[in-house]
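Let's take a walk through a protein model and see how some of its parts sit together. Have the structure open and turn it around as you read.

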Amino acid sequence: LDDGFQDFSIKKNFSILCFNSKQLVGNGFIIPSGPLRESFSSIKKADCIFINGDKSLEFENKIKEVNKNIKIFYSIYKIKNPDKFKNKKVVAFAGIGNPQNFFDLLKENNINVKKAISFPDHHNYSEGDYNYLVRANEHNVILLTTEKDYSRLNDKMKRSFNYVEVDLEIENKSEFINLIKNKIWK
């Protein structure tokens with residue numbers, strides 16, 4: 001479940017916390033003052049941590065101070081279909097936790113982002129949003145979003161917009177799979 005860790009009404013048998021190496025814990029405060037959904041000390045309830053991006057031994061040590069036995073994995077996003085958008089002008093939009101990470105991923109894959117438009121996390125796209133975004137298409141660009149955002153669009157919107165297919169590459173993937181198996185099938 002996305003953002004399910006802090007929902008105590010859900011009976012969980014395996015919890016994964018995710019951080020992005022660019023933001024980590026931000027200012028360290030809980031929403032609305034900062035990016036955290038719970039205090040950093042709640043790491044003691046998690047089964048493993050994913051850090052998407054660059055390695056940080058300093059951050060790993062901070063995590064281990066709270067939960068010395070937690071497993072830490074690293075991952076990166078890989079665009080599956082970057083050639084589809086190369087040599088084309090793109091207006092990118094996203095309503096995810098940190099849209100800038102999506103825009104950076106596009107640029108890192110040499111996708112020509114002419115404009116980047118951010119919406120709030122879990123944004124429900126309206127007819128007004130649609131009209132605003134379609135106006136950008138007058139400049140002969142591709143309107144591009146995340147798979148997650150695309151899934152929240154209605155059929156009319158889906159006909160006008162494209163999305164980037166992304167794979168998550170996990171370092172030590174077999175160790176991660178074994179961790180899940182051992183936890184669930186105990």
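## A cluster of rings

Ring pairs join Phe93, Phe119, Tyr125, Tyr130 and Phe161 into a cluster. Keep in mind as you look that this is a predicted model. The whole structure holds twelve aromatic pairs. One of them is made by Phe93 and Phe161, and it is edge-to-face. Their ring centres are 5.0 Å apart, with 65 degrees between the planes. If you wonder about those two numbers, a pair of aromatic rings is described by the distance of the centres and the angle of the planes.

Where do Phe93 and Phe161 lie? Phe93 is in strand β4, while Phe161 is in the loop between α5 (155-160) and β7, so the pair ties together parts that are 68 residues apart in sequence. And are these two buried or exposed? Phe93 is buried, at 0% relative accessibility, and Phe161 is buried too, with a relative accessible area of 4%.

## Strand β6 and its partners

Next up is strand β6, which covers residues 142-146. Five of its five residues are buried, so the strand is mostly covered. It has strand partners as well. Strand β4 (residues 89-94) pairs with β6 in the parallel sense, over three bridges. Look for Ala92 there: its bridge partner in β6 is Leu144.

Strand β7 (residues 162-164) also pairs with β6, again parallel and over three bridges. Here you can find Thr146 opposite Val164 of β7.

## A closer look at Thr145

Thr145 has its place in strand β6. Thr145 is buried, with a relative accessible area of 0%. What does its side chain meet? A polar atom of that side chain lies 2.7 Å from the backbone oxygen of Phe93, and Phe93 is part of the ring cluster you saw earlier.

There's plenty more around Thr145. Leaving aside neighbours within four places in sequence, Thr145 is in contact with Phe93, Ala94, Phe102, Tyr150, Asn162, Tyr163 and Val164.

## Cysteines without a disulfide

How many disulfides does the structure hold? Zero. To see why, start with what one is: a disulfide is a covalent bond between the sulfur atoms of two cysteines. Now check Cys18. The closest cysteine sulfur to its own is the one in Cys48, and that is 7.9 Å away, too far for a bond. The cut-off for a disulfide is within 2.5 Å. Looking from the other side, the sulfur of Cys48 has Cys18 as its closest, at that 7.9 Å.

The surroundings of these two cysteines contrast: Cys18 is exposed, with a relative accessible area of 60%, whereas Cys48 is buried, at 0%.

## Strands β2, β3 and β8

Cys48 leads us to another set of strands. Strand β2 (residues 48-52) runs parallel to strand β3 (residues 71-79), and five bridges join them. Cys48 stands opposite Lys71 in β3.

On to the next partner: β3 pairs with strand β8 (residues 166-170), this time in the antiparallel sense, over five bridges. One match to look for is Ile79, whose bridge partner in β8 is Val166.

## A charge over a ring

One last stop. Where does the charged end of Lys62 sit? You'll find it over the ring of Phe40, 5.0 Å from the ring's centre.

Methods:
Residues are numbered from 1 along each chain as its sequence is written. This is a predicted model: local features need pLDDT of at least 70, side-chain atom pairs count only at pLDDT 80 or more; totals for chains, interfaces and linings use all residues. Side-chain values use heavy atoms; hydrogens and water are left out. Buried means under 20% relative accessible area, exposed over 50%, partly exposed in between (1.4 Å probe, protein chains only). Helices (H or I, at least four residues) and strands (E, at least two) are DSSP runs, numbered from the N terminus. Two strands pair if DSSP finds at least two bridges between them. A polar contact is a pair of N or O atoms within 3.5 Å; within protein, one must be able to donate a hydrogen and the other to accept it, and residues adjacent in sequence count only if both atoms are side-chain atoms. Contact means heavy atoms within 4.5 Å. Rings of Phe, Tyr and Trp (its six-membered ring) pair if their centres lie within 6.5 Å; planes under 30 degrees apart count as stacked, over 60 as edge-to-face and the rest as tilted. A charge sits over a ring if NZ of Lys or CZ of Arg is within 6 Å of the ring centre and within 35 degrees of the ring normal.
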